[in-house]
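Dear colleague,

I am handing over the structure we spoke about, and below it you will find notes on what came out of going through it. Please read them with the model open beside you.

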Amino acid sequence: MADEEGSYDSTTVESLNPSDVLEGTLHDYIQTPKKHNIATVADLYDNWTSTYEKDLEDASYQGPAKVSTILSEHCPNKTIKVLDCGAGTGLVGKELYNLGFTNIVGLDISPESLRVAEQKGVYKKLICAEVGKEAMPFNDNEFDALVCSGCILPGHMRPACYREWVRIVKPGGTIAWTMRPCYIQLVKGQEDRFSKDYQEEFHEVMRDLEDSKRWKILHKGSFPGYRENIEGLALVAKVLVM
């Protein structure tokens, strides 16, 4: 893990069991996001690629399937250009492809994860870049839709990135994402995940985009089985004319 100066411990997640990574290593990133930067987060996932998908399967992670199904329900035209934001090893891309989507672009900060995603053969293009501090490497109105699963959490993507999502998705386009609600509200048994700062930013950005008529929230609701015994939050927004 990173120390206060941002250096990285050479210990890899390969020596840890899934619960250690999901509830221990990631928890440190959530609790102390200021300790970490793009390099340490990328290193975490680079070092996790060999067991990442098996670990999430063992944890019954359903975020990718849920967000892909939601997008499919809102977007009957499967030839649209979709950005998988935080693509990782391609779990969402694979689900989208299986649902008939054929024009998928993936973006992630972990180059090793993207190498795994490339092997799935479902992406038109894969880009290694950060989401948050600077403009994403896309033109205005470049995509018809955007999906994101499991990346909106402290130490990873901040809610401020929603403004970039709205910029790169065309008016009339769809944005769908899934996350754990425990980061923005107190959830029994998950109180240590809650972040007041993250909660305030989430509601501020959501409200600002609605008030300025940049997007309209079509759906916001909980669903069971985001992970084993953990509830998820699914959201869908329609981008409005600027």
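What is the volume of the second largest pocket? In this model, which is predicted rather than experimental, the second largest pocket has a volume of about 230 Å³. Three helices, α3 (52-58), α4 (63-74) and α5 (91-98), each supply at least two residues of its lining. The residues that line this pocket are Glu 53, Leu 56, Glu 57, Ser 60, Tyr 61, Gln 62, Pro 64, Ala 65, Leu 91, Lys 94 and Glu 95, and by class the lining has five nonpolar, two polar and four charged residues.

One of these lining residues, Ser 60, deserves a look at its backbone, since its phi is near 60°, a positive value in a residue other than glycine. Ser 60 sits in the loop between α3 and α4, and it counts as partly exposed because its relative accessibility is 30%, which falls between the 20% and 50% cut-offs. Lys 213 also has a phi near 60°, again positive in a residue that is not glycine. The place of Lys 213 is the loop between α8 (196-211) and β6 (215-227), and with a relative accessible area of 57% it is over the 50% cut-off and therefore exposed.

Turning to the strands, I would begin with β1 (residues 81-85), where four of the five residues are buried, so that this strand is largely enclosed by the rest of the structure. Strand β1 runs parallel to β2 (residues 103-108), to which five bridges join it; along this pairing Lys 81 stands opposite Asn 103, and Val 82 has Ile 104 as its bridge partner. Strand β1 is also joined to β4 (residues 143-149), likewise in parallel, by three bridges, and there the bridge partner of Asp 84 is Val 147 in β4.

Strand β2 is mostly covered as well, with five of its six residues buried. It pairs with β3 (residues 125-128) in the parallel sense over four bridges, and within that pairing Leu 107 has Ile 127 of β3 as its bridge partner. As for the connections, β1, α5 and β2 make a right-handed β-α-β unit, and β2, helix α6 (residues 111-119) and β3 make a right-handed β-α-β unit too. Helix α5 therefore appears twice in these notes, because it is the helix of the unit with β1 and β2 and also supplies at least two residues to the lining of the second largest pocket.

Finally, the cysteines: how many disulfides does the structure hold? The structure holds zero disulfides. Cys 161, for instance, is in no disulfide, and the nearest cysteine sulfur, that of Cys 85, is 6.1 Å away, whereas a pair would have to lie within 2.5 Å to be counted. Cys 161 has a relative accessible area of 2%, which is under the 20% cut-off, and so it is buried. Cys 128, by comparison, counts as partly exposed because its relative accessibility is 45%.

With best regards

Conventions
Residues are numbered from 1 along each chain as its sequence is written. This is a predicted model: local features need pLDDT of at least 70, side-chain atom pairs count only at pLDDT 80 or more; totals for chains, interfaces and linings use all residues. Side-chain values use heavy atoms; hydrogens and water are left out. On a 1 Å grid over the protein atoms alone, a cavity is a set of points where a 1.4 Å probe fits but cannot get out, and a pocket is an open set with protein on both sides within 12 Å along at least five of seven lines; lining residues have an atom within 4 Å of a point. Grid points are joined across faces, edges and corners, and a volume is the space filled by probe spheres set on the points. Ala, Val, Leu, Ile, Met, Phe, Trp, Tyr, Cys and Pro count as nonpolar, Asp, Glu, Lys and Arg as charged, and the others, Gly among them, as polar. Buried means under 20% relative accessible area, exposed over 50%, partly exposed in between (1.4 Å probe, protein chains only). Two strands pair if DSSP finds at least two bridges between them. A crossover is right-handed if, with the strands pointing away from the viewer, the path from the first strand over the helix to the second runs clockwise.
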